[in-house]
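Subject: Structure for your review

Dear colleague,

Please find below the structure that I am handing over to you. A summary of what was found in it follows.

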Amino acid sequence: MPERRRPSTKSRRPARTLLTAVERDAAACRRCDLWKRGTQTVFGAGPPDATIMFVGEQPGDAEDREGEPFVGPAGHLLREALAEAGIDADTVYLTNAVKHFKWRERGKRRIHERPNRVEVLACRLWLDTEIAIVKPRVLVALGATAASQILPEARVMRDRAKPFTSPLAEIVTVTVHPSSILRAPDSQSRAEARRQFVKDLRKIARMARQPRGRSATADENG
Ligand code: URA
């Protein structure tokens with residue numbers, strides 16, 4: 001009779017323990033040069049069994065100092081918009097495509113610089129590992145950098161809050177990055193961009209609540 005294999009200890013380790021171990025490995029990451037300028041690796045945060053995972057671009061100045069994702073101005077806007085859309089921010093997993101802050105100096109300020117393709121790809125390992133451990137039902141790219149990694153066929157403005165199927169999660173979708181709202185040229189366009197963002201998040205909340213097996217595409221595209 002063939003010997004019955006015991007499941008590996010690793011596969012039975014709770015998700016929180018796994019995330020903590022991966023976060024420790026990521027803290028020592030040297031897969032690209034961004035670690036040289038960043039204060040620290042900013043790993044994802046949130047419940048290890050979150051239904052929704054949001055993926056941003058990279059930590060900003062505040063996140064780099066505090067070591068937590070989405071704690072600066074864009075994060076503040078995101079958390080407010082989540083609350084308006086009926087999503088408790090404490091129930092979602094927040095992370096970034098790139099885990100180090102890329103910046104250049106302008107006077108006394110550290111100005112955000114977009115990560116290049118090599119840097120994004122170097123970090124992909126950490127994002128894939130987070131997705132594999134958390135297994136979110138709904139995976140959301142915030143902006144083009146995250147979309148290029150989790151939903152490359154999508155265009156952010158054309159496909160915002162449109163559900164796609166993917167090997168990464170039951171539902172994968174995109175919306176704008178909250179910092180694009182902060183960059184809107186005047187208060188009127190900022191208010192409109194914010195309103196559209198909350199509308200996207202409401203749709204995403206509905207996708208996450210839908211009974212499994214029901215076609216999110218059919219329901220959300222109407
Ligand atoms: N912008 C991001 O993309 N991620 C953060 O964590 C903060 C700002």
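**Strand β1 and its sheet**

Strand β1 and strand β5 (residues 138-142) run parallel and are joined by 4 bridges. Please note that this is a predicted model. Within the pairing of β1 with β5, Ile52 has Val138 as its bridge partner. Strand β1 is also joined by 4 bridges to strand β2 (residues 93-96), again in parallel. In that pairing, Val55 is placed opposite Thr95 of β2.

Strand β5 has a further parallel neighbour, strand β7 (residues 169-175), to which 5 bridges join it. Leu142 faces Thr175 of β7 there.

Taken as a whole, the sheet is open, has 5 strands in the order β2-β1-β5-β7-β6, and shows mixed pairing. Because β2 and β6 stand at the edges with a single partner strand each, one side of each is left without a neighbour in the sheet. On average, neighbouring strands of this sheet are turned by 30° against each other, with direction ignored.

**Burial of β1**

How many of the residues of β1 (residues 52-56) are buried? The count is 5 of 5, and the strand is accordingly described as mostly covered. In a regular strand, side chains alternate between the two faces of the sheet. In β1, Ile52, Phe54 and Gly56 point one way, while Met53 and Val55 point the other way, and all are buried.

**Surroundings of the ligand**

There are 13 residues around the ligand, of which Gly56, Glu57, Gly60, Pro69 and Ala74 come nearest. Gly56 is also one of the buried residues of β1. By class, the shell consists of 4 nonpolar, 7 polar and 2 charged residues.

**Two positive phi values**

Two loop residues may merit your attention when you inspect the backbone. Phe70, which is not a glycine, has a positive phi near 55°. Phe70 belongs to the loop between α3 (61-66) and α4 (73-84). Is Phe70 buried or exposed? Phe70 counts as buried because it has 28 C-beta neighbours inside 10 Å.

The other residue is Ala161, also not a glycine, whose phi is positive at about 60°. Ala161 is located in the loop between α6 (144-150) and β6 (164-166). Ala161 has 20 C-beta neighbours inside 10 Å and therefore counts as buried, since the category requires 20 or more.

Yours sincerely

Notes. Residues are numbered from 1 along each chain as its sequence is written. This is a predicted model: local features need pLDDT of at least 70, side-chain atom pairs count only at pLDDT 80 or more; totals for chains, interfaces and linings use all residues. A residue is near a molecule or strand if its C-beta atom, placed from the backbone, lies within 6 Å of it. Ala, Val, Leu, Ile, Met, Phe, Trp, Tyr, Cys and Pro count as nonpolar, Asp, Glu, Lys and Arg as charged, and the others, Gly among them, as polar. A residue is buried if 20 or more other C-beta atoms lie within 10 Å of its own, exposed if 12 or fewer, and partly exposed in between; C-beta atoms are placed from the backbone. Two strands pair if DSSP finds at least two bridges between them. Axes are lines fitted to C-alpha atoms, for helices over the stretch in contact, and angles run from 0 to 180 degrees between N-to-C directions.
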